[in-house]
Structures are given as C-alpha cells and as structure tokens.
Amino acid sequence: DLTLPALRVWAQAAYAAGRPGEAHEACLAWIAGAGDDTLEALMLDARSLRAAGRDDDARDRLHEVVRAHPTCDEARSMLRELELGETEDGALPARKARRWAGPQKIPTIRRG
C-alpha cells in the first residue's frame, strides 16, 4: 500500500505527464485513504476526468466537491464551464462530453 503523500505525488506526476487515466486511478486511491481531507484529490480528479474527455464524470465529481466545499471557487468555475459548454474566455470546448464506459484495452503498436 502506498502512503497518502506517495499517492498525491503519483496522481500529480501522471496528470503532469499527460496521463489523465492514470491520474484518475491514483486520485481514487488517494481519495479512499484521505478521510475528510480530500479537496485537493477531488479537484485533481475532476481535472483528470476532464482531460480524459470524461466531462460527465468530471461534472459529477465537481458537484460532489461543491456540496462538500461550497466556497471552492475553482470547482464552481470548472462546473460552470462544463454546464455552459464553454470556457471562461467564451471559447467552445475542444471535445464533446461523454461518460466513461470502464477500462478500455489499449491496442498494441507493432513495430517493423
């Protein structure tokens, strides 16, 4: 079992490396072990879900954050972007919202 600091580092590193699915998995483990101190993990999970194109799941996570932390401006802002279908600068979102269907098999790339 990983410690909470290790889970935090893993989630942040995966997100920074552009691996939102892995970041989400790390966030789930982090959230499960964090008890009441989950705001940072929940927000990173929402960002990871959104980066993975799982806007419906990100929206659900953000609703959870706003219920638990009604003064979290970042969660409210992200939720507003998702609900309105646009970003704060008025641009349209780059991807359509979709619900995650579970783990997907990644195709193997055959090299010459």
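Start by selecting Glu22: leaving aside its neighbours within four places in sequence, you'll find it in contact with Trp10 and Ala14. Keep in mind as you click around that this is a predicted model. Glu22 sits in helix α2, and its relative accessible area of 29% makes it partly exposed. Now add Ala52 to the selection and draw a distance between the two C-alpha atoms. Glu22 and Ala52 are 30 residues apart along the chain, and their C-alpha atoms are separated by 9.9 Å.

**Next stop: α2 against α3**

Select residues 20–34 for helix α2 and show α3 with it; the two pack at an angle of about 155°, with their axes 8 Å apart. That angle is over 145°, so α2 counts as roughly antiparallel to α3. On the α2 side, bring up Pro20, Ala23, His24, Cys27, Leu28, Trp30 and Ile31; on the α3 side, the contact is made by Glu40, Ala41, Leu42, Leu44, Asp45, Ser48, Leu49 and Ala51. Colour those by class and you get eleven nonpolar, two polar and two charged residues in this contact. As for handedness, α2 and α3 cross in a left-handed way.

**Zoom in on Asp45**

Buried or exposed: which is Asp45? Its relative accessibility is 0%, so Asp45 counts as buried. Asp45 belongs to helix α3, residues 39–51. Show what surrounds it: outside the four places either side in sequence, Asp45 is in contact with His24, Cys27, Leu28, Ile31 and Arg61.

**Walk along α3**

Hide the rest for a moment and look at α3 by itself. With 13 residues at 1.5 Å a residue, α3 should span 18 Å, and its end C-alpha atoms agree by being 18 Å apart. Asp45 has plenty of buried company here: Ala41, Leu42, Met43, Leu44, Ala46, Ser48, Leu49 and Arg50 are also buried residues of α3. Bring the other helices back, and you'll see the buried residues of α3 packing against α1 (4–16), α2, α4 and α5. Then step past the end of α3 to Gly53, which follows the helix and has a positive phi, near 80°.

**Over to α4**

Which helix is residues 55–68? That's α4, and it packs with α3 at an angle of about 160°, with the axes 8 Å apart. At that angle, α3 is roughly antiparallel to α4. The crossing of α3 past α4 is left-handed. To see the interface, select Leu39, Leu42, Met43, Asp45, Ala46, Leu49 and Arg50 in α3, together with Asp55, Asp57, Ala58, Arg61, Leu62, Glu64 and Val65 in α4. Sorted by class, the α3 contact with α4 has eight nonpolar, no polar and six charged residues. Asp45 turns up in this selection, just as Asp45 did in the contact of α2 with α3.

**Last stop: the buried side of α4**

Keep α4 selected and check its length. Its 14 residues at 1.5 Å each should span 20 Å, which agrees with end C-alpha atoms that are 20 Å apart. Which residues are buried in α4? Pick out Asp55, Asp57, Ala58, Arg59, Arg61, Leu62, Val65 and Val66. Finish by showing α2, α3 and α5 (73–84), the helices that the buried residues of α4 pack against.

Notes. Residues numbered from 1 in each chain as written. Predicted model: local features only at pLDDT ≥ 70, side-chain atom pairs only at ≥ 80, totals over all residues. Heavy atoms only, no water. Helix = DSSP H or I, 4+ residues; strand = E, 2+ residues; numbered from the N terminus. Buried < 20%, exposed > 50% of the residue type's maximum accessible area, 1.4 Å probe, protein only. Contact = heavy atoms within 4.5 Å. Axes fitted to C-alpha atoms, helices over the stretch in contact; angles between N-to-C directions. Parallel < 35°, antiparallel > 145°, perpendicular 65-115°, else oblique. Left-handed = near helix turned anticlockwise from the far one by under 90°. Nonpolar A, V, L, I, M, F, W, Y, C, P; charged D, E, K, R; others polar. Expected span 1.5 Å × (residues − 1).
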